[in-house]
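Q: Could you take me through one part of this structure slowly, as if I were new to reading models? I'd like to look closely at the place where the ligand sits, and then see what lies around it and further off.

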Amino acid sequence: MKKILIEGGAPLFGEVQISGAKNSVLPLIAATLLTDGTSIIDDCPWLSDVDTMCRVLAHLGARPNFDHNVLSIDTSELNQIDPPAELMRQMRASFLVMGPILARLGKVRLALPGGCAIGARPIDLHLKGFEALGATVTMGHGYVEAQAKRLYGSRIYLDFPSVGATENLIMAASLAEGHTIIDNAAHEPEIIDLANMLNAMGAKIKGAGTNTIRIEGVEALQAARHTVIPDRIEAASFLAMAAATGGELILHNVISEHLQPLTAKLMEIGVSMEIGYDSIHILGNKDIDPVDIKTLPYPGFPTDAQAQFMALLSVARGSSIITETVFENRFMHATELMKMGADIRIEGNSAIVNGVSRLSGASVRATDLRGGAAMVIAGQMAQGITEITDIHHIERGYENLIRKLEKIGTRIKLVEE
Ligand code: EPZ
């Protein structure tokens with residue numbers, strides 16, 4: 001079992017290269033199934049989630065090859081419609097292959113993706129959308145199956161602006177006959193990135209990044225080459241680290257408008273930043289002012305940065321209220337922070353965080369991907385040594401994290417027992 005040891009107290013100093021976005025590259029990999037050539041994804045981060053998604057595609061008959069952050073995927077020989085259940089259960093995002101396989105092969109059978117630590121994470125919006133496009137969807141024995149000789153364009157309203165449902169339906173509709181309109185679509189930058197790659201493949205998608213996305217189906221899509229957008233959540237995590245340790249960092253490879261909800265909150269907290277076109281220079285200071293945070297779909301404050309900011313606010317000069325509106329169970333990291341001396345009270349979907357003067361190192365666990373990032377931040381500012389277990393969660397979404405942290409001065413050690 002691997003664990004991380006962090007000795008707190010070192011203010012961070014230096015430069016960080018932000019990697020390609022996990023939550024963009026996963027749908028982009030799924031989208032390559034819509035073509036029968038070799039697509040190339042540049043600036044692809046090497047993450048365990050990327051490895052899992054590549055294994056799913058390899059099982060379907062695709063041939064992925066990763067070399068120095070360039071991922072090429074030959075999808076000319078697709079011959080399976082049902083990836084193995086154990087792979088599907090490892091990562092919810094593997095469900096994003098459903099739309100492409102259905103559109104490309106007319107039939108798909110997937111093990112239902114389990115929920116995960118942060119919530120039940122149903123797929124009803126995905127399935128309702130596929131039915132609206134003319135598919136017959138059946139469920140049983142832990143599997144979901146969809147088939148359609150041909151998909152037909154339709155008007156689909158999403159009860160919730162689900163990122164995954166928006167992505168799955170854009171991909172399916174790209175090869176449907178006729179026009180599809182998705183209302184109340186997700187706005188996240190990763191949706192725009194997916195639409196940009198699909199349009200480079202010959203799709204006809206308009207309105208990505210707005211409430212209403214219009215897709216005119218085409219007969220076939222061609223392989224394309226595309227560069228992943230930078231990971232706004234990795235950037236948010238490093239910004240929170242600089243603020244938490246009173247350090248000074250320069251983040252390279254960011255799209256600053258994707259970080260607006262975060263930089264706005266950090267300014268309220270009392271952190272100063274120089275925001276460049278593709279970099280951010282942040283100067284933390286020891287005095288952290290309390291702020292209230294409410295997570296919302298983009299362009300609101302991202303739920304994926306909630307845990308990291310809870311760690312930061314646990315040492316603010318006063319009380320903050322954090323309200324989580326996107327997932328029903330995304331406060332597990334609070335219990336771990338309390339082991340380090342944080343004063344947090346959970347009331348429904350809100351957490352009241354009463355700032356304490358300092359956290360103290362303890363043995364804690366990464367409860368999920370972003371909860372793990374929160375533990376790293378807490379360890380960086382705590383007195384003494386923090387031991388973090390279950391770090392496989394962290395490896396899912398942060399490329400070369402240990403190396404990046406050592407480079408900016410974190411006293412960190414990876415221990416393999
Ligand atoms: C994506 O998950 C991200 N994952 C998540 O990041 C992120 O937290 C989430 O979007 C919200 O921004 C990837 O992109 C791979 P949703 P996704 O569908 O698509 C409900 C991380 O840490 N819902 O927008 O699964 C659902 O239960 C991960 O990087 C339905 O009710 O998120 C949740 O409450 C965690 N029915 C809400 O919508 C559905 O059919 C948001 O889910 C689908 C979703």
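A: Here is a walk that starts at the ligand and then moves on to other parts of the chain. Keep in mind that this is a predicted model.

Let's start with the ligand itself. It is surrounded by 21 residues, and the closest are D124, S162, G164, D304 and V326. Some polar atoms of the protein sit at short range too. Look at K22: a polar atom of its side chain is 3.0 Å from a ligand oxygen. For R121, an N or O atom in the side chain is 2.9 Å from an oxygen atom of the ligand. P122 joins in through its backbone, where a polar atom lies 3.3 Å from a ligand oxygen. And how much of the ligand does the protein cover? On its own the ligand has 820 Å² of accessible area, and the protein covers 87% of that.

Which helices help build this shell? At least two residues each come from α1 (22-31), α5 (124-132), α6 (163-174) and α12 (369-381). The biggest giver is α5, with three residues.

Let's stop at α1 for a moment. This helix is largely enclosed by the rest of the structure, because nine of its ten residues are buried. The buried ones are K22, S24, V25, L26, P27, L28, I29, A30 and A31. Notice K22 in that list: this is the residue whose side chain has a polar atom 3.0 Å from a ligand oxygen.

Now go over to α5, where you'll find H126. H126 is buried, since its relative accessible area is 8% and the cut-off for buried is under 20%. Its side chain makes a polar contact of 3.1 Å with the side chain of N168. If you skip residues up to four places away in sequence, H126 touches F95, S162, G164, A165, N168 and L169. Two names there should ring a bell: S162 and G164 are also among the residues closest to the ligand.

Next, have a look at strand β14 (residues 248-252). Its side chains take turns: L249 and L251 point to one face and are buried, while E248, I250 and H252 point to the other and are not. That's a nice example of a general pattern, as side chains in a regular strand alternate between the two faces of the sheet. β14 has partners as well. It runs parallel to β2 (residues 13-17), joined by five bridges, and E15 stands opposite I250. With β16, the pairing is antiparallel, again over five bridges, and here L249 stands opposite I282.

Follow the chain onward and you reach the loop between β14 and α9, which holds N253. N253 is not a glycine, yet it has a positive phi of about 65 degrees. That's worth a second look, because most residues other than glycine have a negative phi. N253 is partly exposed, with a relative accessible area of 21%.

Then comes α9 itself (residues 260-269), in which P261, L262, T263, K265, L266 and I269 are buried. Those buried residues pack against α8 (232-245), β15 (272-275), β16 (279-283), β17 (293-295) and α10 (306-313). So which of these have you met already? β16 is the antiparallel partner of β14. Just after α9, G270 takes a positive phi of about 110 degrees.

There's another oddity in the loop between β17 and α10, where P299 sits. The peptide bond from Y298 to P299 is cis, with omega near 10 degrees. In general, most peptide bonds are trans. One more positive phi in a residue other than glycine turns up at D390, near 55 degrees, in the loop between β22 (385-389) and α13 (392-395). D390 counts as partly exposed, at 23% relative accessibility.

Last, a word on cysteines. A search of the whole structure finds zero disulfides. The sulfur of C54 is the nearest cysteine sulfur to that of C44, at 6.6 Å, whereas a disulfide needs the two within 2.5 Å. C44 counts as buried, at 0% relative accessibility, and C54 is buried too, at 8%.

Key:
Residues are numbered from 1 along each chain as its sequence is written. This is a predicted model: local features need pLDDT of at least 70, side-chain atom pairs count only at pLDDT 80 or more; totals for chains, interfaces and linings use all residues. Side-chain values use heavy atoms; hydrogens and water are left out. Buried means under 20% relative accessible area, exposed over 50%, partly exposed in between (1.4 Å probe, protein chains only). Helices (H or I, at least four residues) and strands (E, at least two) are DSSP runs, numbered from the N terminus. Contact means heavy atoms within 4.5 Å. Two strands pair if DSSP finds at least two bridges between them. A residue is near a molecule or strand if one of its heavy atoms lies within 4 Å of it. A polar contact is a pair of N or O atoms within 3.5 Å; within protein, one must be able to donate a hydrogen and the other to accept it, and residues adjacent in sequence count only if both atoms are side-chain atoms. Accessible areas come from the Shrake-Rupley method with a 1.4 Å probe; for residues, only the protein chains shown count as cover.
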